[in-house]
Amino acid sequence: MTPYAEPRHVTDLILKEVASAAEALNTDLVARCLDDATGEVASILSIRYRQPFSPVPEIIRWITSVIAAWRVVGAITSLMDTEAASDNQWIPIQKQYDRAWALLEDYAKGRLKLPAADGTDPDRETPHAAVVSPGNYFD
């Protein structure tokens, strides 16, 4: 499956030096984190939306990027576990990660709906009704 975001979307969320350090320790880490995040997002949303997305909605690109960025940072530091520390430089990505997961859950449960590029409703769970009546008895 083609990732729902590009490596540049991840490096926009974290310092480029952090991504470079992660890549130095673990080759292709950003790309693998994007692949994993894409698979996870697609799995969660496949209950309600056909996968893969084409084109990918911007909010899904952002959610995927945040999850991947969180994993890249997590691969090279344990500081992000100490969320209460006031000098923790990872608090912004933690907040984005929490927000991304909340949005993902809202889309998966139908509390929010993804916009469709072509104007149709891509939600599989949208109720549809048809009105059927017998023909006229009297003319």
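## Glu105 in helix α5

Glu105 is found in helix α5. The model is predicted. Glu105 has a relative accessible area of 38%. Buried means under 20% and exposed means over 50%, so Glu105 counts as partly exposed.

Val41 lies 64 residues from Glu105 along the chain. The C-alpha atoms of Glu105 and Val41 are separated by 9.9 Å.

## Helix α4: length and burial

Helix α4 covers residues 58-76. Its 19 residues, at 1.5 Å a residue, should span 27 Å. The end C-alpha atoms of α4 are 28 Å apart, which agrees with that expectation.

Many names appear on the list of buried residues in α4. They are Ile60, Ile63, Thr64, Ser65, Val66, Ile67, Ala68, Ala69, Trp70, Val72 and Val73. What covers them includes α1 (7-13), α2 (16-25), α3 (29-45) and α5 (91-109). Helix α5, where Glu105 is found, is thus one of the elements covering the buried residues of α4.

## How α2 meets α4

The axes of α2 and α4 are 9 Å apart, and the two helices pack at an angle of about 60°. That angle makes α2 oblique to α4. The crossing of α2 past α4 is left-handed.

Which residues make the contact? From α2 come Val18, Ala22 and Leu25. From α4 come Val72, Val73 and Ile76. By class, this contact has six nonpolar residues, no polar residues and no charged residues. Val72 and Val73 also appear among the buried residues of α4.

Note on methods: Residues numbered from 1 in each chain as written. Predicted model: local features only at pLDDT ≥ 70, side-chain atom pairs only at ≥ 80, totals over all residues. Heavy atoms only, no water. Helix = DSSP H or I, 4+ residues; strand = E, 2+ residues; numbered from the N terminus. Expected span 1.5 Å × (residues − 1). Buried < 20%, exposed > 50% of the residue type's maximum accessible area, 1.4 Å probe, protein only. Contact = heavy atoms within 4.5 Å. Axes fitted to C-alpha atoms, helices over the stretch in contact; angles between N-to-C directions. Parallel < 35°, antiparallel > 145°, perpendicular 65-115°, else oblique. Left-handed = near helix turned anticlockwise from the far one by under 90°. Nonpolar A, V, L, I, M, F, W, Y, C, P; charged D, E, K, R; others polar.
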